[in-house]
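The exercises below are meant to be worked with the sequence and the coordinates open side by side. Each task is followed by a solution that goes step by step.

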Amino acid sequence: MPLCFPRISTFAAGAFLALVLSCSTADELKKDQYYAEGYQLYTTHCANCHQAEGQGLANLYPPLAGSEYLADKERFICITRYGLSGEITVAGKTYNRPMPANPQLKDLEIAEIATYVYTTWGKDSTYTSTEMVTEVLGTCGE
């Protein structure tokens, strides 16, 4: 059964629908790709301390799951690249172990890690773009 759009030809309506679906599909594919790559990168660079399920490691390393630090994606991006030292409080617990910098990570890899972390524990349904990461990293420490 053809779609009915007032005063729009069936061809134009179909082309519009195809355009909308293809844009949505491209974003979903990118999100899925970033999520999968982010999972691998998280496992390699983050899970030793923050653990596979993001729960942290006892009183040594803070959790990401349920962390108020996920409320600020820009701060998360800066910490991922440049590390963090000093005392912090996460979910009511105090931690004072340094998180090392990750200068070897490319902006794309940080975007993929952020996509994985925020999709898994940050309730974000979109991917983090490389452009956003590049822009944010230019402002870290300001």
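A nonpolar core is a set of buried Ala, Val, Leu, Ile, Met, Phe, Trp, Tyr and Cys residues joined through side-chain atoms within 4.5 Å, where buried means under 20% relative accessible area. The coordinates used throughout are those of a predicted model.

**Exercise 1. The chain as a whole**

Task: Describe the order of helices and strands in the chain, and state how many of each there are.

Solution: Begin with the count, which gives five helices and two strands. Reading along the sequence then yields the pattern α-α-α-β-β-α-α. As a next step, consider cover: of the 142 residues of the chain, 35% count as buried, while the accessible surface comes to about 8,900 Å², with 57% of that surface belonging to carbon and sulfur atoms. Finally, among contacts between residues at least 6 apart in sequence, 58% join residues at least 24 apart.

**Exercise 2. The nonpolar cores**

Task: Find which residues have the most contacts inside the largest nonpolar core, and identify the element that gives the most to this core.

Solution: The largest nonpolar core has 23 residues, and those with the most contacts inside it are Tyr 42, Phe 76, Ile 113, Val 117 and Trp 121. The elements that give two or more residues to this core are helix 1 (10–45), helix 3 (73–82), helix 4 and helix 5; of these, helix 4 gives the most, with seven residues. Taking Val 117 as a worked case and leaving aside its neighbours within four places in sequence, one finds it in contact with Tyr 42, Leu 64, Leu 70, Phe 76 and Gly 122. A second, separate core of five residues includes Tyr 69, Ile 79, Val 90 and Tyr 95.

**Exercise 3. Helix 3 and its ends**

Task: Decide whether helix 3 is mostly covered or mostly uncovered, and determine which elements its buried residues pack against.

Solution: Helix 3 is mostly covered, since seven of its ten residues are buried under the 20% cut-off. These buried residues are Lys 73, Phe 76, Ile 77, Cys 78, Ile 79, Thr 80 and Arg 81, and they pack against helix 4 and helix 5. Turning to the ends, Asp 72 caps the N-terminal end of helix 3, with a side-chain oxygen lying 3.2 Å from the backbone nitrogen of Glu 74, whereas after the helix comes Gly 83, whose phi is positive, near 80°.

**Exercise 4. The largest pocket**

Task: Determine which residues lie nearest the centre of the largest pocket, and which element gives the most to its lining.

Solution: The largest pocket has a volume of about 470 Å³. Its lining consists of 28 residues, of which His 50, Pro 62, Leu 64, Ile 79 and Met 99 lie nearest the centre. Two or more lining residues come from each of helix 1, helix 2 (47–50), helix 3, strand 1 (88–90) and helix 4, and helix 3 gives the most, with three residues.

**Exercise 5. Glu 112**

Task: Establish whether Glu 112 is buried or exposed, and which residues it contacts beyond its neighbours within four places in sequence.

Solution: Glu 112 lies in helix 4. Its relative accessible area is 6%, and the cut-off for burial is 20%, so Glu 112 is buried. Leaving aside its neighbours within four places in sequence, Glu 112 is in contact with Tyr 34, Glu 37, Gly 38 and Leu 41. As a last step, compare sequence with space: Glu 112 and Ala 36 are 76 residues apart along the chain, yet their C-alpha atoms are separated by 8.1 Å.

Conventions. Residues are numbered from 1 along each chain as its sequence is written. This is a predicted model: local features need pLDDT of at least 70, side-chain atom pairs count only at pLDDT 80 or more; totals for chains, interfaces and linings use all residues. Side-chain values use heavy atoms; hydrogens and water are left out. Helices (H or I, at least four residues) and strands (E, at least two) are DSSP runs, numbered from the N terminus. Buried means under 20% relative accessible area, exposed over 50%, partly exposed in between (1.4 Å probe, protein chains only). Contact means heavy atoms within 4.5 Å. Accessible areas come from the Shrake-Rupley method with a 1.4 Å probe; for residues, only the protein chains shown count as cover. On a 1 Å grid over the protein atoms alone, a cavity is a set of points where a 1.4 Å probe fits but cannot get out, and a pocket is an open set with protein on both sides within 12 Å along at least five of seven lines; lining residues have an atom within 4 Å of a point. Grid points are joined across faces, edges and corners, and a volume is the space filled by probe spheres set on the points. A polar contact is a pair of N or O atoms within 3.5 Å; within protein, one must be able to donate a hydrogen and the other to accept it, and residues adjacent in sequence count only if both atoms are side-chain atoms.
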